[in-house]
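These are my notebook entries from a session of looking things up in one structure. I followed single residues first and then turned to the elements around them.

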Amino acid sequence: MKKLAQSLMMFIFVLMITACGANQEESNENATEQEQDSAKIEKLTVGTEGTYAPFTFHNEEGELTGYDVEVMKEVAKRMGVEVEFMETQWDSMFAGLNSNRFDLIANQVGINEDRLANYDFSTPYTYSSSVIVTPTKTDDITSFEDLEGKKSAQSLTSNYGAIAEENGAELIGVEGLAQSIQLIKQGRADVTVNDKLAVLDYMKNQNDKDVKIVAESDDVSEMAFTFNKGNEELVKAVNEQLAAMKEDGTLAKISQEWFGEDVSTK
């Protein structure tokens, strides 16, 4: 009986040691996971054009700035991480995101069904509408229906190019708004469909009287930061900061500085 009791006590002791070891191992694993989570995001690499005023462009000092750039900088600052902007042409931007060259895109990317099938988006930080721009002397284009058969200068993968094409326009590929307007003024294109805010900013800063806005869409577009799917934690972290910026008025303040009105709400 004594030997049996001793054996039983030894068995219980071994079970206790094993359990303690398992608990310690689990605790260590949880601690490691927490450490990995906290150190997961140290720097954000952000794809942007750098040629699309007033959203992302270089100022007279050669510094990258613009509405999207400043919103992204504020988000990164609040997250406590560095931000590195990687400039590329619009038509190459999604390829760069697909190959993980950068973590997200900050370049007035509109949310649409096709993109939602392939990418994740933050909450919108810009709301705008599309407009038709023509030479000042043009008088036969006054609505989107009038785009039928017209040549429209567009970035080929943009929402605005899709709108022009849906209304029957023939697309002429360009790298940005400035080139679109140049083609219109040269008579190589009839129109461009583009973002209202970008067009107004261009006309104001360039004092360009040779082009005009002839029509505006009733549909409001939503623009947001764009991510590859599978980055839920990063999307969540960015959304938390955007929500805080809306709550404390910072996002509205940035909007007012660039546009004279709050473009971060409908």
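**Entry 1. Tyrosine 119**

I looked up the contacts of Y119 in this predicted model. Leaving aside neighbours within four places in sequence, I found Y119 in contact with F94, L97, N98, T226, F227, N228 and K229. I then noted that Y119 is found in strand β6.

Is Y119 buried or exposed? Its relative accessibility is 10%, so I recorded Y119 as buried, the cut-off being under 20%.

Which residue of β14 stands opposite Y119? I found N228 in that place. Y119 and N228 are 109 residues apart in sequence, yet their C-alpha atoms are 5.0 Å apart in space.

**Entry 2. The sheet**

I next looked up the pairing of β6 with β14 and found it antiparallel, over 3 bridges. These strands belong to an open sheet of 5 strands, which I wrote down in the order β4-β1-β5-β14-β6. The pairing in this sheet is mixed.

Why is one side of β4 and of β6 left without a neighbour in the sheet? Both strands stand at the edges and each has a single partner strand, so the other side has none.

I also looked for helices lying across these strands. Helix α2 lies across β1, β4 and β5, and runs at about 150° to β4. Helix α3, residues 90-98, lies across β1, β5, β6 and β14, and its angle to β14 is about 40°.

**Entry 3. Asparagine 107**

I looked up N107 and found it in the loop between β5 and α4. N107 has a relative accessible area of 0%, so I entered it as buried.

What does the side chain of N107 reach? I found that it reaches the backbone nitrogen of E49, at 2.6 Å. Beyond its neighbours within four places in sequence, N107 has contacts that include T48, E49, Y52, D68 and W90. M93 and Y125 are also among them.

**Entry 4. Salt bridges**

How many salt bridges does a search of the whole structure find? The search gives 8. I followed some of them up.

D120 forms a salt bridge with K229, and the closest N and O atoms are 3.1 Å apart. This pair links distant parts of the chain, since D120 is in strand β6 and K229 is in the loop between β14 and α8, 109 residues apart. I compared the accessibility of the two partners: D120 is buried at 18%, whereas K229 is partly exposed at 42%.

K185 forms a salt bridge with D208, with the closest N and O atoms 3.0 Å apart. K185 lies in helix α6 and D208 in the loop between α7 and β12, so the pair ties together parts 23 residues apart in sequence. K185 is partly exposed at 35%, while D208 is buried at 8%.

K196 and E216 meet through their side chains in a salt bridge of 3.3 Å, N to O. Here K196 is in helix α7 and E216 in strand β12, 20 residues apart. I found K196 partly exposed at 27%, and E216 likewise partly exposed at 41%.

I also noted that salt bridges sharing partners join E74, R78 and D248 into one network.

**Entry 5. Helix α8**

Last, I looked up helix α8, which spans residues 232-247 and so has 16 residues. From its first C-alpha to its last it reaches 22 Å, close to the 22 Å expected at 1.5 Å a residue.

Which residues of α8 are buried? I listed L234, V235, A237, V238, N239, Q241, L242 and M245. To read such a list, I recalled that an α-helix has 3.6 residues a turn, so residues three or four places apart point the same way.

What do the buried residues of α8 pack against? I found the strands β1, β6 and β14, together with the helices α2 and α9.

Just after α8, I noted that G249 takes a positive phi of about 90°.

How values were computed: Residues numbered from 1 in each chain as written. Predicted model: local features only at pLDDT ≥ 70, side-chain atom pairs only at ≥ 80, totals over all residues. Heavy atoms only, no water. Helix = DSSP H or I, 4+ residues; strand = E, 2+ residues; numbered from the N terminus. Expected span 1.5 Å × (residues − 1). Buried < 20%, exposed > 50% of the residue type's maximum accessible area, 1.4 Å probe, protein only. Contact = heavy atoms within 4.5 Å. Pairing = 2+ DSSP bridges. Axes fitted to C-alpha atoms, helices over the stretch in contact; angles between N-to-C directions. Polar contact = N/O pair within 3.5 Å; in protein donor to acceptor, adjacent residues only side chain to side chain. Salt bridge = Lys/Arg side-chain N within 4 Å of Asp/Glu carboxyl O.
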